[in-house]
Amino acid sequence: MEIDWSRSRLHFDTCNDHKPLEPPLAKKNVRKRDCCSTLILHGLYIFQGLKTNTGSLTVYTTPAGGIIDDLIVSATPDYLYIVSNAGCIKKDLAHVRANLAKWKDVELEVITDHALLAVQGPEAATVLSKVASCDMNSLKFMNTILCDVAGVPCRVTRCGYTGEDGVEISIPSAKAEDVVKALLASKDGEVKMAGLGARDTLRLEAGLCLY
């Protein structure tokens, strides 16, 4: 069964979409010299102390303190890299744009030409280390880096909402299938595709909230 394979070996999790090669999440870059303070003031709560190339799970909030949606924010040397849920992208983008519109020195770039692939499981690092140009041993939890995966320029983040070790890979959509095929062909770990049922079961076992 997929869930047993996921626990013991390795699985692919395509996050919020049944179609693995369509972009399941929306990525955004927010640029500003003091963007952390600006975003906190306007309901996008992140940690001001994020070190370069590290990220955190956080939430979009209402003025009353309620939660609109969750997201991951990573601090790169030049901008904040935001990953939002595709199923909520309309309300998430509306929220961000409404708050950032008041700040002339903030630039929002929405990335729509990338797919997101999550490689999760105890063998994830072993498999990735053979096809990625980055050092998986030095890529710690919630660290992010730009590197090549199967010869394709990608962003690799050591994270995954499954309770397992793994990474999420942001891939140019036109090259996503090539990366998937390279990983499935790996001889360094038994790699299989897994569906949303396996992912959600792992989340429940780990005590993670389901949106």
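These are review points on a predicted model, covering confidence, internal space and one loop residue.

1. Overall confidence. The chain has an average pLDDT of 78. Of its residues, 76% score at least 70. By element, strand β10 (residues 152-157) has the highest mean pLDDT, at 96. Helix α2 (residues 35-41) has the lowest, at 44.

2. Weak stretches. Residues 10-26 stay under 50 in pLDDT. Even there, the model has 73 contacts beyond four places in sequence. Residues 32-45 are also below 50. That stretch has 35 contacts in the model beyond near neighbours in sequence. Where pLDDT is low, the predicted coordinates should not be read in detail.

3. Cavities. The whole structure holds 2 cavities of 30 Å³ or more. The largest cavity encloses about 70 Å³ of space. Its lining consists of I72, S74, Y81, V83, L116, R155, T157, C159, E168 and S170. Four elements give two or more residues each to this lining: β5 (67-75), β6 (80-85), β10 and β11 (166-172). By class, the lining residues of the largest cavity are 5 nonpolar, 3 polar and 2 charged.

4. Where does the largest cavity lie with respect to domain 1 and domain 2? The largest cavity lies between them, because domain 1 (38-111) and domain 2 (114-206) both give residues to its lining.

5. Second largest pocket. About 160 Å³ of space lies in this pocket. Its lining has 10 residues, and Y81, I111, H114, L146 and R155 are the closest to its centre. Y81 and R155 also line the largest cavity. Strand β10 gives the most to the pocket lining, with 3 residues. The classes here are 6 nonpolar, 3 polar and 1 charged. Residues of domain 1 (38-111) and domain 2 (114-206) both line the second largest pocket, so this pocket too lies between the domains.

6. Loop residue D165. Strands β10 and β11 are joined by a loop that contains D165. Is D165 buried, exposed or partly exposed? Its relative accessibility is 33%, so D165 counts as partly exposed.

7. Contacts of D165. Beyond its neighbours within four places in sequence, D165 touches V119, Q120, G121, A124, A125 and R158. One of these partners, A124, is 41 residues away along the chain. The C-alpha atoms of D165 and A124 are 6.9 Å apart.

How values were computed
Residues are numbered from 1 along each chain as its sequence is written. This is a predicted model: local features need pLDDT of at least 70, side-chain atom pairs count only at pLDDT 80 or more; totals for chains, interfaces and linings use all residues. Side-chain values use heavy atoms; hydrogens and water are left out. pLDDT is the predictor's confidence in each residue, from 0 to 100. Contact means heavy atoms within 4.5 Å. On a 1 Å grid over the protein atoms alone, a cavity is a set of points where a 1.4 Å probe fits but cannot get out, and a pocket is an open set with protein on both sides within 12 Å along at least five of seven lines; lining residues have an atom within 4 Å of a point. Grid points are joined across faces, edges and corners, and a volume is the space filled by probe spheres set on the points. Ala, Val, Leu, Ile, Met, Phe, Trp, Tyr, Cys and Pro count as nonpolar, Asp, Glu, Lys and Arg as charged, and the others, Gly among them, as polar. Domain bounds come from an automatic or database domain assignment. Buried means under 20% relative accessible area, exposed over 50%, partly exposed in between (1.4 Å probe, protein chains only).
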